[in-house]
Amino acid sequence: MSQSFRIGLFLVATLAILACGVFLIGSKQSMFQSTYPVSAEFQNVAGLNSGAIVRVGGIPKGSIEDIRLPGQPGGKVVVLMNLDKSTKGVLRNDSVAAIKSEGLLGDKYIEISFGSAAAEQLKGGETLASQPPLDISDLLDKTNGILDTTQAALQNIQGATVNINEITAKINGGQGTMGALVNDKTIYKEAAASVTAFREDAEALKSNFLLRGFFNKRGYVDSTELKKHELPKLPVGTPVKRFSYDAKTIFDNPATAKMKNQKSLNEAGMYLQSAAFGTAVVSSAANMKGDSEKQEIATQAQAAALRTYLVQNFRLDDTRIKTMGLGKRADSGENGTIEILIYATTAAQAPAPAK
């Protein structure tokens, strides 16, 4: 093989390789494809370079022709792009261009989103809306700020923990008022005795003539009087007669024992006066609202007030008239329920049922 032939073969191979390289580069830059121009404006291109890829739906479909600075301060950087004409089927006037990167530190490229079906198709030369790029340096600055804040919070928590440990140690050592209360049972006993004495004084004040009017407005003077005729439970057997009332029709307020329509009880009083019976129980039940302890006292007071009215206005053996304050009951309705239950001592004494 002659030297001239070898040189010719080498030149042909070199030209073939060069042609392939030009073809590949030109294909990547869309130099051998039918394209159309579009542009987008950014405040900062974040390291984007001319010749970078433009992707549509994640597929390379164009390249960046040029990046131009604004004409004056306060303007935006203009990015000129050439897109493959095949993208006109999915890109519209409302498509958005965004600068992205291959990983956190990779090359920058532009991603253009699909437009909506109702928007106008691109014709070429339009300026697309843009999305600000993610700046890694800004992200790191914000992360550093968060870490600094977190560290300060941890230091505050550690300081608070130290203070709590010191306070706990003093209490365990019997220092201060709290330490004395926790470690010295004598102080606890004295405090308990003081509370008991205060309760006794409060009960005594209820009978004081200066405060008597306050309790009289609520229908009773002393809570101990409310249980004087109270039964712990209903008598055995079924009542031979029952009178039921809505508490609101008899009392001013479901929380008090001050009556406003006591004449509603006259029917029951006349029955008790004329009929033979063993025991009559005046019961009161409150609704489910309010404080349980207060409702229990209120129902006891109401039952005692009703009993007093019956005994004072009708000829009855008051030893057989009992009371029951039932407190809060789910079946007492919205306003509470008043009932007078009449029991016979024996079956022979039971009055005939009302017709």
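Select D66 and R68 to begin. In this predicted model, D66 and R68 form a salt bridge whose closest N and O atoms lie 3.3 Å apart. Colour the two by accessibility. D66 counts as partly exposed, at 27% relative accessibility, and R68 is also in the partly exposed class, at 46%.

Six salt bridges are counted in the model, and two others are worth a stop. Select R320 and D317 next. The closest N and O atoms of this salt bridge are 3.4 Å apart. R320 is partly exposed, with a relative accessibility of 28%, and D317 is partly exposed at 34%.

Now go to E102 and R55. Here the salt bridge has its closest N and O atoms 2.5 Å apart. This pair links distant parts of the chain: E102 sits in the loop between β5 and β6 (108-112), R55 belongs to strand β2 (residues 53-56), and 47 residues separate them. E102 has a relative accessibility of 39%, so it counts as partly exposed, the class that runs from 20% to 50%.

From the E102 loop, step back to strand β5, residues 96-101, and show it together with β7. The two strands pair in the parallel sense over three bridges. To find the register, label A98 and look across to β7, where its bridge partner is Q131. Then add strand β1, residues 35-42. Two bridges join β1 to strand β7 (residues 127-131), and these strands also run parallel. Label A40 on β1; L128 in β7 stands opposite.

Move on to the second sheet stop: select β8, β11, β9 and β10. These four strands form an open sheet, in the order β8-β11-β9-β10, with mixed pairing. The edges are held by β8 (241-246) and β10 (321-328); each has a single partner strand, so one side of each is left without a neighbour in the sheet. Looking across the strands, the twist averages 15° from one strand to the next.

Keep β8 and strand β11 (residues 337-343) on screen. They run antiparallel and are joined by six bridges. F243 stands opposite I340 in β11. Now bring in the helices. Helix α7 (residues 266-274) packs on the sheet and touches β8, β9 (279-286), β10 and β11; its direction makes about 160° with that of β8. Helix α8, residues 292-313, packs on the sheet as well, touching β9, β10 and β11, and its direction makes about 155° with that of β10.

Hide the helices and stay with β11. Is this strand mostly covered or mostly open? It is mostly covered, with six of its seven residues buried. On the other pairing in the sheet, β9 and β11 are antiparallel and share seven bridges. Label T337 to see both sides of β11: D246 has T337 as its bridge partner, and A285 stands opposite T337.

For the last stop, go back towards the N terminus and select I7, F10 and L11. Together these residues make a nonpolar surface patch of about 320 Å². I7 lies in helix α1, which covers residues 3-28. Why can I7 belong to a surface patch? I7 has a relative accessible area of 45% and is therefore partly exposed, while residues in a patch need over 30%.

Note on methods: Residues are numbered from 1 along each chain as its sequence is written. This is a predicted model: local features need pLDDT of at least 70, side-chain atom pairs count only at pLDDT 80 or more; totals for chains, interfaces and linings use all residues. Side-chain values use heavy atoms; hydrogens and water are left out. Patches are made of residues with over 30% relative accessible area and no salt bridge: like charges are joined within 9 Å, nonpolar side chains (Val, Leu, Ile, Met, Phe, Trp, Tyr) within 5 Å. Accessible areas come from the Shrake-Rupley method with a 1.4 Å probe; for residues, only the protein chains shown count as cover. A salt bridge is a side-chain nitrogen of Lys or Arg within 4 Å of a carboxyl oxygen of Asp or Glu. Buried means under 20% relative accessible area, exposed over 50%, partly exposed in between (1.4 Å probe, protein chains only). Two strands pair if DSSP finds at least two bridges between them. Axes are lines fitted to C-alpha atoms, for helices over the stretch in contact, and angles run from 0 to 180 degrees between N-to-C directions. Contact means heavy atoms within 4.5 Å.
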